[in-house]
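The report that follows goes through one protein model and its ligand, moving from local backbone features to the domains and then to the ligand surroundings. Please read it beside the sequence and the coordinates.

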Amino acid sequence: MDYSIKSDSPEKLSTECLLLGFHPKRKLGPTASAIDEALGGVITRLLKRDDPEGKPGEILTVNLLPEGKIERLILVGMGKKDELTVSSYRKALAAAANALKATGAKQAVSVLHEADIQDKPLAWKIRQAVELTESALYRYTQTKSEKDQPKPPRLEQLQFLLDAESDVEAAESAIKQAQAIASGMKLARDLGNLPGNICTPTYLAEQAHKLGKHHKKLKVKILDEAGLEELGMGSFLSVSKGSREPAKLIILEYHGLPAKVKPHVLVGKGLTFDAGGISLKQAGGMDEMKYDMCGGAAVIATLGVAAELGLPLNVIGIVPASENLPDGAANKPGDIVTSMAGITIEILNTDAEGRLILCDALTYAKRYDPVAVIDTGTLTGAIITALGRHPSGLMGNDDALCESLIKAGESTHDRVWRLPIWEDYQEQLKSNFADVANIGGPDGGSITAACFLARFTKDYKWAHVDVAGTAWKTGNEKGATGRPVPLLCQYLIDQADAA
Ligand code: BES
Ligand code: MN
Ligand code: ZN
């Protein structure tokens, strides 16, 4: 899809489809009014005739305009003018993108960004529009046969109409950022949606490798099980022992600055299928555990975005990739393994495997002398109980780092909510036989998972983002969401801006 800026006057405007916002009581913004006037008041007449309320996301599609230069019109309810919020604006944009997709238009012009949304600048409004349009146009095709494929959208070009005074440069850079992030989200969604028999640890590693081939400044290294053995990653390897697919440690190194500059390190859980191991999960809904690599996919995708945007930063991505299956060689409850850090772990539940693969990756992260380390993954069902499916769970050992993630999440609407990881919770991880147990009982399950990881991250600033409730949707709309790609990318963009 091509996105660009258009700066025609309303009278000269010609397009296959115009996207235009309206508010309750038929109120229009200044550009919309000017266009209405140029069209001889047809928009006001249509609104009077059909009398839509103007609720956010309400759509009135007019598929034929006899006047000619503007062939179709999509009128988008924006809600009350002075009550527009980020959520209602996003709702309106998503509905508009879906309505646009449903027309046969190949080209469209939007003026939806003329609405005032809290204190958001034009660049933000354009970024949201591009990201939401791309996400509405997303189709999963890889494993559907030709005749069953969803039809590709005909839309090829969306233009944002700006007046002369607007900051065209800011708008153009917003388009560039949004397109890079949207393509990162698409990669993360594709990888997440692929089934476990295709998206194996080896496949994930190949995809990372491919990404490295595409970007000159992105180096990709893959460690196999022999390499993990040498590093002493006994915890990570114990999870993959029960699987016939060999584990991989995927390492992506992006250098936007000289190598001596400290990097930001991102670590992502790449569990390509989680059956629970010997502590087997119940059958219902187990297919969704193919998404247990979404944290890893987001890290791989984010490194691609950093390279695409040429961010002036150094960024390292580390993705431990494995399956978790029951098998004669699998971890058993009560087994004790030794992590790379030398900490011994009693595995009381083999289904708490995410922390077992992440802890060794987090120890590995130390060698980069990082500015900060952020790990992410689908760690606990408990985070869905605690927070629902809107924010991801955030925990960490550094307030400033957590604050920057909260801010990045708010600005991209890929939000996080912080939970405490007080020392008091560590009690729950006591083991009679090892240094630490891998589960902390039924109370505060997401927090004790993070408390487990905290034992391996004492040497640097660290945050943990649990995306079990946000990385995919369940039910009718089952599928990967591409989160937390926007969060991680925005965090990096903010870091680059601050430097
Ligand atoms: N991958 C799951 C977490 C998960 C559960 C993600 C549901 C999305 C939806 C993780 O490996 C897991 O099984 N966690 C256990 C931890 C428990 C055994 C302490 C869980 O949440 O039940
Ligand atoms: Mn599990
Ligand atoms: Zn898991």
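## Backbone features in two loops

Pro484 is placed in the loop that runs between β21 (479-480) and α14 (485-498). In this model, which is predicted rather than determined by experiment, the peptide bond leading from Arg483 to Pro484 is cis, and its omega is near 5 degrees. A second backbone feature concerns Lys25, which is not a glycine and yet has a positive phi of about 60 degrees; Lys25 belongs to the loop between β2 (18-23) and β3 (27-28).

## Two domains and their interface

The domain assignment divides the protein into domain 1, covering 2-162, and domain 2, covering 184-498. To the contact between them, domain 1 contributes 11 residues and domain 2 contributes 12 residues. When the centres are taken over C-alpha atoms, domain 1 and domain 2 are separated by 38 Å.

The size of an interface is often expressed as the accessible area that is lost when the parts come together. For domain 1 and domain 2 the buried area is about 1,100 Å², of which 48% is on carbon and sulfur atoms. How many salt bridges are counted between domain 1 and domain 2? The count is 0, whereas 4 residue pairs are found in polar contact across the interface, with both residues of each pair at pLDDT 80 or more.

On the side of domain 1 that touches domain 2, the elements giving two or more residues are α3 (86-102) and α4 (122-137). The largest share of that side comes from α4, with 4 residues. Sorted by class, the side of domain 1 that touches domain 2 holds 4 nonpolar, 5 polar and 2 charged residues.

## Surroundings of ligand 1

There are 16 residues around ligand 1, and those that come nearest are Lys281, Asp292, Asp351, Glu353 and Gly381. The table sets out three polar atom pairs that involve ligand 1, two with side chains and one with the backbone.

| Residue | Part of the residue | Ligand 1 atom | Distance |
|---|---|---|---|
| Asp292 | polar side-chain atom | nitrogen | 2.9 Å |
| Asp351 | side-chain N or O atom | oxygen | 2.8 Å |
| Leu379 | polar backbone atom | nitrogen | 3.3 Å |

Asp292 and Asp351, whose side chains appear in the table, are also among the residues that come nearest to ligand 1.

Terms used: Residues numbered from 1 in each chain as written. Chains lettered and ligands numbered in written order. Predicted model: local features only at pLDDT ≥ 70, side-chain atom pairs only at ≥ 80, totals over all residues. Heavy atoms only, no water. Domains from an automatic or database assignment. Contact = heavy atoms within 4.5 Å. Buried area = accessible area lost by both parts, 1.4 Å probe. Salt bridge = Lys/Arg side-chain N within 4 Å of Asp/Glu carboxyl O. Polar contact = N/O pair within 3.5 Å; in protein donor to acceptor, adjacent residues only side chain to side chain. Nonpolar A, V, L, I, M, F, W, Y, C, P; charged D, E, K, R; others polar. Near = heavy atom within 4 Å.
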